[in-house]
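Reader: I'd like a close look at one part of this model, the salt bridges, with a word on the pockets afterwards. Could you walk me through it?

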Amino acid sequence: PDTDTYKAVAWGISEGIVKGYSDGTFRPDAQVTRKDTLIMIYRLAEKPDVTGSITYDDVIAENYPETSDTYKAILWADQNDITNGYSDGTFRPLDECLREHIITFLYRYAMMINK
């Protein structure tokens, strides 16, 4: 198909921004989590090096090893004010990422790279 969605998915996969599932599917109608959104933005930014530790109570090494893209993406996004988490000290990585959150993350990323 020659649709923008098809082109976007193909581009995202070819650039390493998004990956499909282990069964070979992409699942375009699947819900996106907060961690998934930040992983895609982190990969779009070409996976910059990060150092430090995540301070969110619900992002622990047991679930998100420090070497994982998930951990690095959340840490990078936090350090660059792309995300600030919630006032209770959590990030809620598995929560659905609402459209308003996605556009906010993208806006903050755009402001960061256009400084």
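Author: Here is the salt-bridge part, followed by the pockets.

Before anything else, this is a predicted model, so local features need pLDDT of at least 70 and side-chain atom pairs count only at pLDDT 80 or more, while totals for chains, interfaces and linings use all residues. Residues are numbered from 1 along each chain as its sequence is written, and side-chain values use heavy atoms, with hydrogens and water left out.

A search of the whole structure turns up six salt bridges (a side-chain nitrogen of Lys or Arg within 4 Å of a carboxyl oxygen of Asp or Glu). Let's start with aspartate 69, which pairs with arginine 43, the closest N and O atoms being 3.1 Å apart. Aspartate 69 sits in helix H3 (residues 69-79) and arginine 43 in helix H2 (residues 34-44), so this pair ties together parts that are 26 residues apart in sequence. Helices here are DSSP runs of H or I with at least four residues, strands are E runs of at least two, and both are numbered from the N terminus.

Aspartate 69 and arginine 43 are both buried; that word means under 20% relative accessible area, with exposed being over 50% and partly exposed in between (1.4 Å probe, protein chains only). For aspartate 69 the relative accessible area is 15%.

Aspartate 69 also meets lysine 47 in a salt bridge, at 3.2 Å from N to O. That one links distant parts of the chain too: lysine 47 is in the loop between H2 and H3, 22 residues from aspartate 69 in helix H3. Lysine 47 is partly exposed, at 41% relative accessibility. Put together, Arg43, Lys47 and Asp69 form a network of salt bridges.

Elsewhere, aspartate 88 bridges to arginine 92, with the closest N and O atoms 3.1 Å apart. Aspartate 88 counts as partly exposed at 43% relative accessibility, and arginine 92 as partly exposed at 29%.

Now the pockets. On a 1 Å grid over the protein atoms alone, a pocket is an open set of points with protein on both sides within 12 Å along at least five of seven lines, and lining residues have an atom within 4 Å of a point. The largest pocket is lined by 25 residues, with Val18, Phe26, Val32, Asp36 and Met40 nearest its centre. The elements giving two or more residues to that lining are H1, H2 and helix H4 (99-113), and H2 gives the most, with seven residues.

Technical notes:
1 Å grid on protein atoms, 1.4 Å probe; cavity = no way out; pocket = protein on both sides within 12 Å on 5 of 7 lines; lining within 4 Å.
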